[in-house]
Structures are given as structure tokens and as C-alpha cells.
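Please look over the sequence and the model below before reading on. The text then goes through selected parts of the structure in turn.

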Amino acid sequence: MAKHDLSAYSICEDAQAMLAKANKDGVETVWDRLKAQEPQCGFCELGLSCRNCVMGPCRIDPFGDGPQRGVCGADADVIVARNFGRMVAAGAAAHSDHGRDLVETLLAIGEGSTTDYAIRDEAKLRRIAEEVGLDVAGKETKAVALALAEQFYEDFGSRRGSVSFIDRVPAKRRALWETLGITPRGIDREVVEMMHRTHMGVDNDAVNICLHAARLSLADGWAGSMIATELSDVIFGTPTPRPSKVNLGVLKEDQVNILVHGHSPIVSEMILAAVRDPALVAKAKAAGASGINLAGLCCTGNELLMRQGIPMAGNHLMTELALVTGAVEVIVVDYQCIMPSLVTVAGCYHSRIVTTSPKAKFTGATHIAFDTQNAKQKAVEVVELAIERFKERDPARVDIPVEPVDIMSGFSNEAVLTALGGTAAPLIEAIKAGSIRGAVGIVGCNNPKVKHDYQNVNLIRECIKRDLLVLVTGCVTVSAGKQGLLVPEAAELAGPGLASVCKALGIPPVLHVGSCVDNSRIMQLCAMLATALGVDISDLPVAAAAPEWYSEKAATIGLYAVASGIFTVLGVNPPILGSKAVTDLAVSGLEGVVGASFAVEGDPVKAADLIDARIRTKRQALGLKP
Amino acid sequence: MIQKTVIVRLERCVGCMQCMIRCAEAHSQSKTLAEAIREPILAKPRIHLGVGPEGRPFPNKCRHCEPAPCQDACMPWAIRDDIAPGLKVVDPTRCIGCGMCAMACPYYVIRFYRDAGAPERPSVAIKCDGCHERVAAGGIPACVTACKTGALAFEEVNLYLKEGTNRLAQAAYGVHS
């Protein structure tokens, strides 16, 4: 770590303290590895390199001195569009394969082949089943679960003209998608078709590829992710508001500390059940601990936080630093966003990384394979391993640097509507009156290229100041929570209108609505508002932002937001700038096609200005005061 | 003063062309890749890859010879040695694009393009300027910064050769590093 001013890396006190400790302990972190990679590949940064076949690899010279076409003849526009298309496909695949795991779990419940999992929200099971056209009257729970699982399995296939939740989309938007030919048909189909189109010699029109990327992203936002969200609620319970805590201070010096990391609630919920098992708590006490402490990282942490109030230890860039505390016995992971480096960092302490999914093994980690039949037993094994590791902990190397900060979580759409008295009408009235001028979904990741949490937090501050209600998911949740923005008292930091609404309802000005698949909750909320007002989503005074995004999944989320009509500001450049045609389409051309576009702005104040201007325009068009 | 120079270790080059793209970026107006590729007069790389047998790469740039054949051939005195010590730097405001320097250069390292330093001229000589501005600011040349394999190094020639001699001496006694 070259920079000695650790505040250059993160705004967080716990991060800075653990970076100093990492230096002292000789632990390499994500920031060291970024430095070793810099300057990164300029062709790849611009999207101008192609590895799709072995006539290549090819690069296009953006300065016009070298080649302007790949060996096959593809120009910068085609190469950039193909690369972006594959990026979106990977993101949709990740969310949707996660969604499929929930469908498999629901099927196992329906078939009665699991006793470890059950339906916790039967009313929602029946409501969703009816919504997608199933006859549930008089049917027992298992039969409904089975039928709904079969229904959603079909959404992954290619026999349907559209996905099950298409009826949630406002009529105007559906008609637009039909006209453009981008109605999502089947999740796997759209992903496979993108892989096909981007093979050499298939789709060689940048705009056509981008339109399919849009359809593909919609199959994620309105199907893969949406199924993941809804079935997680059905199986594990629909979130309701609840208090919790955040930052590395949630680790406990005198307890066995287990962190869950990854995305799905399927494994993490079982771990939670095991840490509450009195027999295991007794074992932990026999090992010298005062108890077993569970906390979350990343999105599976968000899943437990939303439904169970389990505290969050950190977001993406805190995952290595959590281990540096020397107080973590086990990080148990499922999949996505788990840095392979965690195994190495864990090896510098007594910690263990436990992998659980057959599709996500890490060399050097302990693999404990979970499935729907054995999950409870396997979770016990994970906790037992953690208790064993606790005995190896070196107290002299433990440093838990901060006290935790209070947060409030659990704002599912159902919870929001309940808080509003059963309908969205009071929210619509507040928007019409201008006390809430609009809503902004601030979502996404951390990226070591930008100062950790700086853009996430400052964009939120700027938005709430302007009476814009902020909804957060994923890693932004932790960014906001650590700075005290996820509690009702944060209303003091909001503009007068938003503050008055928050105080009246006792809610924070920044609502935590879930994990990254739960961005589908925001889509559904926008759709409900648009339908209630008889307008399209693109007419609403709403916007989205991914200030510190890094992942392919975030690219997919950004695109489904835009394709659904939501203006989206990215804080880090997407790898498309090598093509003027694709860049122009993204930042302006899409406006005339889907009624929204992207913007790229890394300065949170300027990003807020862009969002504010957008919302002003939309409010005026609706005849509201700007 | 001990002067460092860019040393090429041919056997390490994988032909990735990062040196070229970062060279052009460093010689753009904005110095930022994303913006540089949208400038009205595109900056150009001053290091190039030649293609050897079986496509093997050969990074090639100005050696800053002394005496320099290009400088001797330049009628309008556009190739200057008073801008940065030890470096032959093209002054685009003096260059008339006649091509004499390129004909005189035995290494084929000079190219001709429009340059933002003399936008009114259709074509001027473009070649390595040793990144003298970056070096004066305490940095190293952009091509060296970009090189991931160590094919380009910014070192003092005799020190580099002395270290090489020591490696050779080790090898002569059977010790390979």
C-alpha cells in the first residue's frame, strides 16, 4: 500500500483502521492489486478488444494510427456492442441463476423432498400464484408451491412469448416494448441468444445488438431478479421494518464470529437457524466464547438484514478488511462478488472460507456442499467448524476498530404500502404536493477505482437534501448505513418536504429495500405508481444511480432500469467509450427509443444536479411544480 | 547528471500495444483516455510495434541519437535539443512536414500526422519526446508505465548494463536468477 494517507482509499473509519492493520500484518488487499494492474488495458477499458474467436484476439486503435477493423471485419461499433452485450448477458445470467435456485427450492417444498425449507409467507405465495394466472382456490400450500415453481421454470425457457410478470409492466411501456421488439420472452433464451448473436458473423449491427441487450436485461429485471425476490419472500418471509446495526463493530470480540457472504438467502438463512441452536451455543461456550455472532457481507447479508435484522459487517470493499480484524472465524459464501483473494487473506489469520455451492468452489477454501435436503445439517457443520476455529484465534491480533451504527431496514413494497395505510395514494399525494419531489434508486457496488463509499454516500446526501426519497439496495446499503443515513433521525439531513414526510411516518429518508436482485422491488414500485397515475414509467419523477458500480450484474441492472424508462447515472465509465455510436446511443439516443438514457458522472454533486434536472423536467411535464 | 532512458527488453514483449495506447493518451490534450479519443485532432502513439517472424512483436521508438541524423537533416531546425536535456524533441510550430528527418532516421520511428501543437499545419513529424514533461514532474515515460511485462524499462544505461554484467557473472558460475 503506497499511499500513506489512508483517507484516500475510503471515507470509513473502520476501513482506514483495517487498511493500516493490513499494512502492518503484511496483507495484500484489493487496492494493492489495483495498483499493480495500473494502468489497465486501454483497449479493454474502451471496449475495443475482442477475444470472441481465434482469428483474433483483435484490437481497434482509437487514435486512428493502427487497425480500425478486427480480422473478421468488425469495426469499433460492432466490437463494443458485442462486448457490452456479453457483459449484460453475464449479469442477467448471474441474477437469474440465483433466481432459479429459489425456484428449485420452491419445487422441493412443493414436492415434499425438503423438510429444511418451508413456506413462511403463504399469503404471498397464493397472491403471486394468482397474479401469474394460476388457480389456487381450494389447493393446499404444497400444490400451489409446485404449480408456481413449474410456472416460473417456464420463464427460464423459450416456449413463451413473454415472462410471467409482464402484466406488472404499465400498459404504455408494454406497448413500447412490443413495438421495439424487446419484450422479454424467456430468461435463458435471451442470454443464449446474446451469446449466439455475438459469435463471429451473426449480429453485426451495433444498434441491433444493443436492442437485444435491452431485452435481455428486461428478462433479468422483470423475471430472473423478480422471481428471486418474490420467491425469497415466499420462502423466507416478506420483510418488514426492523432495526439493526452496521460496520465492523458488529463483530464481537468474545464471541464466535461467522459472516455470510454472497447473494442468496438459501444458505444464509440456514446458517442463521444453526447459530440459534442452543446445543451449538453451548458448544461455543464450552470453547470459551460467550456466544455465536452472525453478521452479513454483501447481498446475502442484505437478505438476512431485510428479513431478520441480522447486522451488516460491510460491503464489497470491506470483505477482505473484515478478515483483517482477526476476529472472524468463518466466512461462509454462496456465489457472486466473493473475491478469490479472501482465501489468501483468511490464511493470514485463523479464519476459514467455507464454500457451499457446486457452482462456486474456491481453491484453498473448505467446501461444505449444501442442497435442499441437507442444508440444516450442513449449516451445523459450518458452525461447528467456526467454533473449532475460535479456539485457534490469536487475541493479540484482534482489532475491532469501531462501535456499530444503528440502521433501519426491511422496506419491502408490502411494508411501504402498509406504512402508507394500504395504498400508494399517500405517496402519490406527497409527490404531487412536492413534499417528496421524486424518488431515486441509488444502488450498486464499490469499486477500488473510486474512494470507497464516497460517491455512494454523497450522492444520497445530495438527493435527500433536494427532497428526493432515496431507495438503496446492495452495497450502497452499507455505505448509507455507516454514515447514519438509514435511521429516522436522518430526516434532519433531508430537505424540509421529505423531512416532514419522514417525521410523520417515522421512516428514514433513505429506505433499504434489499439486495441487488431486489432492485426488482423498485421496478415494481415504479410500475405501480405509473399504473396508478395512468402514465408510463418514463413519465415519473424518478431516477437511478450506480455511483461505485463494478460488476456485470450492475451493467444489467442499469440497462433494465433505462429500458424500463428510468434515467440512470453511472459513477464509473462503462467499457463502451471506444464506440461513438454505442456511447451516443447510451447517453442520448436511447432517450428517443425507450424514454430514458444513461449519464456518466463521477462527481456526486454534479450527478445529483443531473438527477434533479431530470426530475424537474418530469414533474413539469406532469403539471406539477418542479 | 545521470540520465535515465527507455530500455527495450525484446524477449519480454508480448505485443499487447499498451505502450502505444498510453503513449497517445499521454500526448493528448486531456491526458485522459476516454476524452483523448474524442479530441478533434487525435494524439498519436510515438512508439510502434514492428512485426517480426511468426508475428513476433518488436517495440520500436526514437533512440534520441547524438549526433542525430534526423536533426542534421532538418532544415527548419524543428528537431530541438534545447527543450529537454539529452532528448531530441520535435517543435511542431517549426516543422514543415518535409519528411527529411524520417528519411534520415535509420530506425523508422518518425510518423506524420496533424498535431494539436500546430493545428494549422496538415502534417508534422511525430516522434518520441521522452515524455520530458512527465519526467520533469517526477514521473516516468507513459510507455514504461504501461508495460506489464517489463519489456520497457526506464533506467540509467550503464547501471542497467552493470546489473546485466553481474547476472552474466552469476550465470557463468552456474547461478541463474
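The paragraphs below take up a sheet, two helix pairs and four local backbone features.

The model is predicted. A starting point in chain A is an open sheet of six strands, paired in parallel, with the order β13-β12-β11-β14-β15-β16. Its edges are formed by β13 (510-514) and β16 (598-600) of chain A, each of which pairs on one side only. From one strand to the next, the twist averages 25°. In general, strands of a sheet pair through backbone hydrogen bonds, in either a parallel or an antiparallel way.

At the β16(A) edge, the neighbouring strand in the order is β15(A). Strand β15 (residues 567-570) of chain A runs parallel to β16(A), and three bridges join the two. Within this pairing, Val569(A) has Ala599(A) of β16(A) as its bridge partner. Helix α24 (residues 604-621) of chain A packs on the sheet, where it touches β11 (438-442), β12, β14 (542-546), β15 and β16 of chain A. The direction of α24(A) makes about 160° with that of β14(A).

Helix α9 (residues 206-236) of chain A takes part in two packings described here, one of them with helix α23 (residues 580-594) of chain A. The axes of α9(A) and α23(A) are 12 Å apart, and the helices pack at an angle of about 60°. An angle of about 60° falls outside the ranges for roughly parallel, roughly antiparallel and roughly perpendicular, so α9(A) and α23(A) are oblique to each other. Their crossing is right-handed. On the α9(A) side the contact is made by Ala206(A), Val207(A), Cys210(A) and Ala214(A), which meet Ala581(A), Val582(A), Leu585(A) and Val594(A) of α23(A). By class, this contact has eight nonpolar residues, with no polar and no charged ones.

The other packing of α9(A) is with helix α4 (residues 76-111) of chain A, at an angle of about 20° and with axes 8 Å apart. Because angles under 35 degrees count as roughly parallel, α4(A) is roughly parallel to α9(A). Here the crossing is left-handed. The residues in the contact of α4(A) with α9(A) comprise 20 nonpolar, 12 polar and three charged.

Some features of the backbone lie in loops. Where are the cis peptide bonds to Pro39(A) and Pro67(B) found? In chain A, the bond from Glu38(A) to Pro39(A) is cis, with omega near -5°. Pro39(A) sits in the loop between α2 (30-37) and α3 (42-45) of chain A. In chain B, Glu66(B) and Pro67(B) are joined by a cis peptide bond with omega of about 0°. The loop that holds Pro67(B) runs between β3 (57-60) and α3 (69-73) of chain B.

Two residues other than glycine have a positive phi: Asp467(A), near 60°, and Tyr108(B), about 55°. Asp467(A) is in the loop between α18 (454-465) and β12 (468-473) of chain A. Tyr108(B) is in the loop between α4 (100-104) and β6 (111-113) of chain B. Is each of these residues buried or exposed? Asp467(A) has 23 other C-beta atoms within 10 Å, and 20 or more count as buried, so Asp467(A) is buried. Tyr108(B) has 10 other C-beta atoms within 10 Å, and 12 or fewer count as exposed, so Tyr108(B) is exposed.

Definitions and conventions. Residues are numbered from 1 along each chain as its sequence is written. Chains are lettered from A and ligands numbered from 1 in the order in which they are written. This is a predicted model: local features need pLDDT of at least 70, side-chain atom pairs count only at pLDDT 80 or more; totals for chains, interfaces and linings use all residues. Axes are lines fitted to C-alpha atoms, for helices over the stretch in contact, and angles run from 0 to 180 degrees between N-to-C directions. Angles under 35 degrees count as roughly parallel, over 145 as roughly antiparallel, 65 to 115 as roughly perpendicular and the rest as oblique. A crossing is left-handed if the near helix is turned anticlockwise from the far one by less than a right angle, and right-handed if clockwise. Two residues are in contact if their C-beta atoms, placed from the backbone, lie within 7 Å. Ala, Val, Leu, Ile, Met, Phe, Trp, Tyr, Cys and Pro count as nonpolar, Asp, Glu, Lys and Arg as charged, and the others, Gly among them, as polar. Two strands pair if DSSP finds at least two bridges between them.
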